[in-house]
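This note sets out some points for a first reading of the structure shown below. Please keep the structure in view while working through the numbered paragraphs.

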Amino acid sequence: MADMPGFGAMDPDDRGGQHEFRFPDDRAKAATPGPTPSQTVGPFFAYAMTPGAYGYPLREIHRSDMAGPDVAGMRITVEGQVFDANGQPVHDAMIELIQADSTGRYVAEPRNDGFTGFGRVGTGAQGPAEAGGDTRYLFRTVKPGATAPGHAPHLTLIVTMRGLLNHCITRVYFPEDAWADDPIVRQVPEARRHTLVAAALGASHYRFDIHMQGSRETVFFDI
């Protein structure tokens, strides 16, 4: 680090004025605008973004119950866990869901039925694994319709967690639909396509686990 004479010195009576805390070897540089670099995200985001999952007494900005009584469509529940490279459940991940409505339309502006097409939840909603919780994420919503001819209905999940410099994006297809014919699925190596398909737990109830690494690694998309 360059020498910074006087840096750190403080006058308790000083409440402003001119200060010369500058590197002596600095040079004028032209601005080079560009994207802000990504930063590691960790457990600290829970306090503001998914407070309810960790017991903070704060109002949720976005919820995991996405379909009120006025939203048309078949009600479904989607749950799952996030697993790290060692197969251990992750209790401080944030899962965001983006979807079309039951007619295949994404939300482009506020709607009278309250459907936003976006949900968010932390995987600590059922308690940390070391405390006996099952670390599930869980969304209650409506099943989306196909967004284009030949495309299978799907959900988009965004995963943010400790150790990631960038979030990961994947899709959830439903086992009863013709997901194998979806043009996006067909671009995925055949041996890995099954990682994009939820398992049916019952009527309108699905499970989709996310494996960040390892032999069961979920397919993530470079978007």
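1. Where is the place of Ser204? In this predicted model, Ser204 sits in the loop between strand E8 (199-202) and strand E9 (205-207). Its backbone deserves attention, since Ser204 has a positive phi of about 65 degrees although it is not a glycine. Most residues other than glycine have a negative phi. Ser204 is partly exposed, with a relative accessible area of 24%.

2. The overall plan comes next. The protein has one helix and 10 strands, and along the sequence the pattern reads α-β-β-β-β-β-β-β-β-β-β. Of the 223 residues in the protein, 39% are buried. Among contacts with a separation of 6 or more, residues 24 or more positions apart account for 64%.

3. Strand E1 is a useful place to begin a closer reading. Five of the six residues of E1 are buried, so the strand is mostly covered. E1 and E5 run antiparallel and are joined by six bridges. E1 and E9, by contrast, run parallel, with three bridges joining them. E5 is also mostly covered, five of its six residues being buried. As an example of the pairing between E1 and E5, the bridge partner of Arg75 in E5 is Val142.

4. Which residues stand opposite Val78, in E5 and in E9? Val78, which lies in strand E1, stands opposite Phe139 in E5 and opposite Tyr206 in E9. Val78 is buried, with a relative accessible area of 2%. Leaving aside neighbours within four places in sequence, Val78 is in contact with Tyr137, Leu138, Phe139, Leu155 and Tyr206. Another pair to locate in the structure is Val78 and Val172, which are 94 residues apart in sequence and 9.5 Å apart in space, C-alpha to C-alpha.

5. The salt bridges form a separate topic. Side chains of opposite charge can pair when their charged atoms come close. The count for this model comes to 11 salt bridges. One of them joins Arg136 to Glu79, with the closest N and O atoms 3.1 Å apart. Arg136 lies in the loop between strand E4 (118-122) and strand E5 (137-142), whereas Glu79 lies in strand E1 (residues 75-80), so the pair ties together parts that are 57 residues apart in sequence. Glu79 counts as buried because its relative accessibility is 7%, under the 20% limit for that class.

6. What separation in sequence is spanned by the salt bridge between Asp92 and Arg162? The side chains of these two residues meet at 3.0 Å, N to O. Asp92 is in the loop between strand E2 (82-83) and strand E3 (94-98), and Arg162 is in the loop between strand E6 (154-160) and strand E7 (168-173), so the pair ties together parts that are 70 residues apart in sequence. The two partners fall into separate classes of exposure: Asp92, at 7% relative accessibility, counts as buried, while Arg162 is partly exposed, with a relative accessible area of 37%.

7. A further salt bridge is found between Asp209 and Arg207, whose closest N and O atoms are 3.0 Å apart. Asp209 is partly exposed, with a relative accessible area of 22%, and Arg207 is partly exposed as well, at 21%. Salt bridges that share partners join Glu79, Arg136, Arg207 and Asp209 into one network. The network thus includes the pair of Arg136 and Glu79 described above.

8. The last point concerns empty space. Rolling a probe the size of a water molecule over the atoms shows where such space is left. How much space lies in the largest pocket? The volume is about 200 Å³. The residues that line the largest pocket are His194, Thr195, Val197, Ala198, Ala199, Arg207, Phe208, Asp209, His211, Arg216 and Thr218. By class, this lining has four nonpolar, four polar and three charged residues. Arg207 and Asp209, both in the lining, are also the partners of a salt bridge.

Technical notes:
Residues numbered from 1 in each chain as written. Predicted model: local features only at pLDDT ≥ 70, side-chain atom pairs only at ≥ 80, totals over all residues. Heavy atoms only, no water. 1 Å grid on protein atoms, 1.4 Å probe; cavity = no way out; pocket = protein on both sides within 12 Å on 5 of 7 lines; lining within 4 Å. Points joined across faces, edges and corners; volume = space filled by probe spheres on them. Nonpolar A, V, L, I, M, F, W, Y, C, P; charged D, E, K, R; others polar. Salt bridge = Lys/Arg side-chain N within 4 Å of Asp/Glu carboxyl O. Helix = DSSP H or I, 4+ residues; strand = E, 2+ residues; numbered from the N terminus. Buried < 20%, exposed > 50% of the residue type's maximum accessible area, 1.4 Å probe, protein only. Pairing = 2+ DSSP bridges. Contact = heavy atoms within 4.5 Å.
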